[in-house]
Amino acid sequence: MNTSPGRRHDETDAQDSQAAFSSGAEDVLAGSDTAGDRGDASDSRRGGPEQHDGQATRRGRRSPWNRPRDRGVAAALAVLAVATGVLVWWFSDSRATTQRTAAPPPPPPAEPASVPAELSEIWRAPSDATTAPVSEGGLVITAADSQVVGRDPATGQARWRYARDLPLCTVTNAWSKVLAVYRKDLGCSEVTQLDAGTGRRTAQRNGDAELGTRLVEGGSHVTTTGDHLLNTWRNDLVKSMEYGRVPAQVNPGRQPRTECEYGTVAAASGKVGVIEHCPDESGARLTVLKAAGEEADKPEQEFSALLPESSATLVAMADDAVAVAMPEHGRLFVFNGEGRQTATYPLDVPSAELAANPPGGVVATSQGGDNVYWFTGSRTVALSAGTLRPLWTVHDTLGPGTLFAGEYVVPIEGGLAVLNAADGTTLRTVRVDRGGGDNTIRLAPAGPVLLEQRGDTVVALK
């Protein structure tokens, strides 16, 4: 008699308990955060069944992104990430760079067998950031208005282009690459290396070159010039030496003569030479440095020698010779690799030209065959490439000249002179119409095309 009512009472309790559990599950999905719910969630994480008056049931895991405030946080984070990316891109170098590359050019046609009897202009392009024509990788490189352009030698058509939103300081070629130095902040500090044939950027570094800098190549290194600071870079644009007034120097006391001002600069394989003008010294100082010492910020000297006059000009360097022009003496002094004077030679050059400080601190020279050709301002002097001994001097020239079609040519008023490289005698002349603009002219060959840098313009002749 008592069994049946008790059984009905238990069943009623179980149903009520089940109803209560179902109601609790709906509260959790709706976002309830009661103490009992947190306890149930803890049981669920332990993997055990939940007990309600003897019955085991399972609870669903709560979603971490189901509440409105969670979705709002996620949306805000996404917007922040996008905004940060846009901000970084807006101020990045990539946004301010335009680069159009090209396939490698075909090999250029061969040079003619000899210098043609007549040469005419076939194209011209602005190039105020170069001091001499740049011919590399089968192309002609021009640089103006923040752009470096690789051009077809025969047509002048642009094959590749690299541009920044910064002014160009100087552009030249080295190691079969193109080096472009851009003005950034207070100096010429951004150095970019480009593949000459394709225009692809191969390296980029920041340095501390001064305004008005030039690039001087010496084997596997290149040096930026300046009045108070020299920077030397390896062919992968890793800085290997700095000399002078180093800004924000990390290790003070490593530079020997920071109070000096610099004149002319030259380089040879593994070495950099500079004329220094230091306070309380009666003459200029010739210093030759290793292009790469053990530490870049601690320059290592090959030698440093006081010269007999203050207006000395460093003309050229070879493996074991350094040539310095002394205008007061009217002579060329030659020093060996240890700084010992080994020879002096008379110069048939006006003293005023010898004393003039060239733009950027780099004397106008070119090299071809066994000679180095030095342009003084009105004359071209041939020096032996090994010993730097003067061989001959030609008057009334407009530049150092170059080898073209197997012959040595120098620019003269109204055209070119083809010279005998052994003794400087004129073999013949070639007329070139320059429209009356006969000033200093630098030459370079590009296959069958001869290039002239006339001021801030490159002109192609054929």
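In this predicted model, Arg164 pairs up with Glu190 in a salt bridge whose closest N and O atoms sit 2.8 Å apart. Arg164 belongs to strand S8 (residues 158-164) and Glu190 to strand S11 (residues 187-195), so the contact ties together parts that are 26 residues apart in sequence. Both partners are buried. The pair isn't on its own, either: Arg164 and Glu190 are linked with Asp165 and Lys184 in a network of salt bridges.

Across the structure there are 16 salt bridges. Another one joins Glu295 to Arg254, again with 2.8 Å between the closest N and O atoms. Here the link runs between loops in distant parts of the chain, 41 residues apart. Glu295 lies between strand S19 (285-290) and strand S20 (301-306), while Arg254 lies between strand S16 (239-244) and strand S17 (261-268). Glu295 is partly exposed, at 37% relative accessible area, and Arg254 also counts as partly exposed, at 23%.

Then there's the bridge between Glu121 and Arg124, with its closest N and O atoms 2.8 Å apart. Glu121 is partly exposed at 37% relative accessibility, and Arg124 falls in that class too, with a relative accessible area of 47%.

Away from the charged pairs, the surface carries a nonpolar patch made up of Val73, Leu77 and Leu80, which together offer about 290 Å² of accessible area. Leu80 is part of helix H3 (residues 68-90). With a relative accessible area of 52%, Leu80 counts as exposed, because the cut-off for that class is over 50%.

Notes
Residues are numbered from 1 along each chain as its sequence is written. This is a predicted model: local features need pLDDT of at least 70, side-chain atom pairs count only at pLDDT 80 or more; totals for chains, interfaces and linings use all residues. Side-chain values use heavy atoms; hydrogens and water are left out. Patches are made of residues with over 30% relative accessible area and no salt bridge: like charges are joined within 9 Å, nonpolar side chains (Val, Leu, Ile, Met, Phe, Trp, Tyr) within 5 Å. Accessible areas come from the Shrake-Rupley method with a 1.4 Å probe; for residues, only the protein chains shown count as cover. A salt bridge is a side-chain nitrogen of Lys or Arg within 4 Å of a carboxyl oxygen of Asp or Glu. Helices (H or I, at least four residues) and strands (E, at least two) are DSSP runs, numbered from the N terminus. Buried means under 20% relative accessible area, exposed over 50%, partly exposed in between (1.4 Å probe, protein chains only).
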